Each structure stands twice: as structure tokens, then as C-alpha cells.
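Let's walk through this structure together, starting with the whole chain and ending inside its core. Please keep the sequence and the model open as you read.

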Amino acid sequence: MKVLMLSKAMVVGTYQRKAELLARAADVELVVVVPPSWREPGVGKIPLERMHTHGYRLISRPIALNGHFHLYFWRGLGDLLRRERPDILHIDEESFNVSTFQAMRLGVRLGARCLFFNWANIYRPLPPPFSWIERYNLALAAYAVAGNHEAADILRRKGYRGPLRVIPQFGVDEEAFRPGQPSRHRGPGERGEGLTVGYAGRLLPQKGLLDLLEAVAGLPQARLLLIGRGNLEGTLRARAAQDDLRGRVEFLGQVPSRELPDLYRQLDVLVLPSRTMPNWKEQFGRVLIEAMACGVAVVGSDSGEIPSVIGDAGLIFPEGDSAALRRQLLRLQSDPDLRAELGRRGREKVLAHYTQEHIARQYLEVYREMS
């Protein structure tokens, strides 16, 4: 069977490992189409990284309205699909997005069986034209995948009656993301007495980063690494310059995905302090499983899917409660054995549920059900 996957997410090189694993199946001919870059709102341009490209074709095609999650669409997609003639069209986008409607319409016309992917875990009525787009896509899709159970429940509530499975979008390459000694240290991120705390992801209000800074401010021996970019950075830098944090917070900016494992290995604990907003709550928290794969203890808020992802492999605190987060960090600072135990559990959970191979195997089962 010939599978064509449309995925802006696969501009990130580490994600491409899933495609390599899918392409190993003897009955799959895989083509992955990505844009030359993606402009992440509030963060900036993420260029295409070509890291894992063996066994399949990785094609770059331009998109219009780059950076607009729900409005962007592919240029020249009709010609591409007519040339490739896939049996299965994997549309790696939400059911209410313009790009999904565009691909679904073209794919169905060519006789392809179409699959879409949803993260959205807050139910809300959509205005036209998005409500019309979603109704069309739900009616014509041959299969749907949801990244979390709430997203799956919402699809059923909205009337989708076709085959549906809950599978994360991507797993972790357990060979790249593994425990070990970091190859270098970065100033405040160096290990030493106290606790080295980290965060990776977008620097945006909904990520709860001001709560994290307040928690660390009350732990004089703790140091903090912030990995990523976003429109909250100025506010965070101003807070980090105050006396109770000065010299203990380092901003590393956006780093290539291949450098993340070594940065995780510099940490004693990774924190994901997300806050639920009226139109968003944490849908998965990929950085959690990346850190867990590296044997790093994790702490997360109780927003969205975080408690399910962490399970018994880390610590949870009520979202927005910086004092509760501080208590969890103090607990880890004073108990190295607990940090080690949580790191071990986290690695075991990733190996059991969240490796790229495990995720790819589940998508391969979906493709075979569709063929």
C-alpha cells in the first residue's frame, strides 16, 4: 500500500524517526510531505531538519498562510496527489483545519482512504466555516486518530462514527534520548549542590512559566534552564533579573532537536507547569516523555493530559500553585534517591508505551485496517 503523509510537524528532525520505522514494513511505500519551514505562533520560524530520511521519500512543498494553524493550506497539492496516487492519505491535522479539508476533498476524489489526527481536548462549538469544514471531514474520513482520550471523546460527541484510535502523534527515539552523562555544562545549568531544574518548550503564558520562576525563587540552591522561545520571554527575563533569582536562570533559546537529549541530561528535574486556559489545556506534553527517556525526574501540573502521561513516574501539583510546585521541588532536592527512582520509572514507562517504534507499530496497524 502506498501511504502519503502530510505533516508540518515533521519539519522537526527527531519526529522523522517514526517515518523511517513505518517505511521498514514490507507492505508500505511511504511518502512524507512537509513544508520548508513552519512559523510557530509566538515562537518564530522552525526550519526543516533532515535527520531521519532513510527508506522513504521526504518531499518539501510550500504552504500558504504559514503560521496559521487552522487556515494554512498546501500549494500544488492537487498536482502532487494526482502524481503520487496514494492508497492512504494520512492528514496529520485537526478535523476543523482548512488544510485537512483541502487534502480530504482532493484525496477522496482520487479514491484515497483518508485519515486525520486530532489533539483538541476542549469541546467548543465552532463558527462557520470551521463547523462546515469539520462536518465534511468527519463524514468522509475513513479513520481518525486522537492524541488523547478527551480528544477522542469530543470527536464522538461531534458525531464522528468511523474507526477511531487513541495514539500519540509521535514517540521518542530511545537510543537518542537515553540516560548518561552530559557532554558539557552551561553556566547556571551545571550540576552541583542544590537542584538543576529545566523546562523545554514554548515560552508562552499558558505554559505556567511564571509559576515555575516563583517556585525556584524560593529555593536558593536551585538553578533553572529555560529551553525555547516565545512571546513571554521578556517578562520572564525581567522576573529572572530580580534579586531572588539573579544569576540562577539561563535562557538557552530554541535549539536543534538533536541537541535536546544532552540538555535534558544536565537536569535533575524537568518541570511542565502548564495552566488551563478558556481555549487550551495541555494536550500531551511531549517534553515529559523526552526527559523521562533520559532518566530525568519530571514534575507536572494537573492540566489536561499531564497526569496521565506521568502516572507514577513523576510528581504532580495543582496548576497555578507555585507554592505546591516549590514543595515538590524541595522534596526532590532533599531526596536524591527519589529522583533516581522516578528517573528509572520514567525510562521504563517510555520503553513500554512511548518509543517511536511502539507508536509507529500502532499507526501501521491503522494503515492495515484501512487498506
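The paragraphs below go from overall form to surface, and then to the core.

What you have here is a predicted model. Its chain holds 13 helices and 17 strands. The radius of gyration is 21 Å, close to the 21 Å that the globule rule gives for 371 residues, so the chain is as compact as a globular protein of that length. If you turn the C-alpha trace onto its principal axes, you will find that it spans about 60 × 45 × 35 Å.

Now consider how the chain packs against itself. Of the contacts with a separation of 6 or more, 75% join residues 24 or more positions apart. Buried residues account for 59% of the 371 in the chain.

On the outside, the chain exposes about 15,000 Å², and 49% of that area is supplied by carbon and sulfur atoms. As for charge, the chain carries 51 positive and 42 negative side chains. The centres of these two sets lie 6 Å apart.

Let's step inside. The largest nonpolar core has 121 residues, and those with the most contacts inside it are L212, L226, Y264 and L329. Helix 13, residues 356-370, gives the most to this core, contributing seven residues.

Y264 is a good place to pause and look around. Leaving aside residues up to four places away in sequence, which ones does Y264 touch? They are F177, A200, L270, V287, E290, A291, C294 and V296.

Terms used
Residues are numbered from 1 along each chain as its sequence is written. This is a predicted model: local features need pLDDT of at least 70, side-chain atom pairs count only at pLDDT 80 or more; totals for chains, interfaces and linings use all residues. Side-chain values use heavy atoms; hydrogens and water are left out. Helices (H or I, at least four residues) and strands (E, at least two) are DSSP runs, numbered from the N terminus. The radius of gyration is taken over C-alpha atoms; the globule rule is 2.2 Å times the number of residues to the power 0.38. Buried means under 20% relative accessible area, exposed over 50%, partly exposed in between (1.4 Å probe, protein chains only). Contact means heavy atoms within 4.5 Å. Accessible areas come from the Shrake-Rupley method with a 1.4 Å probe; for residues, only the protein chains shown count as cover. Lys and Arg count as positive and Asp and Glu as negative; His and the chain ends are not counted. The place of a charge is taken as NZ of Lys, CZ of Arg, CG of Asp or CD of Glu. A nonpolar core is a set of buried Ala, Val, Leu, Ile, Met, Phe, Trp, Tyr and Cys residues joined through side-chain atoms within 4.5 Å.
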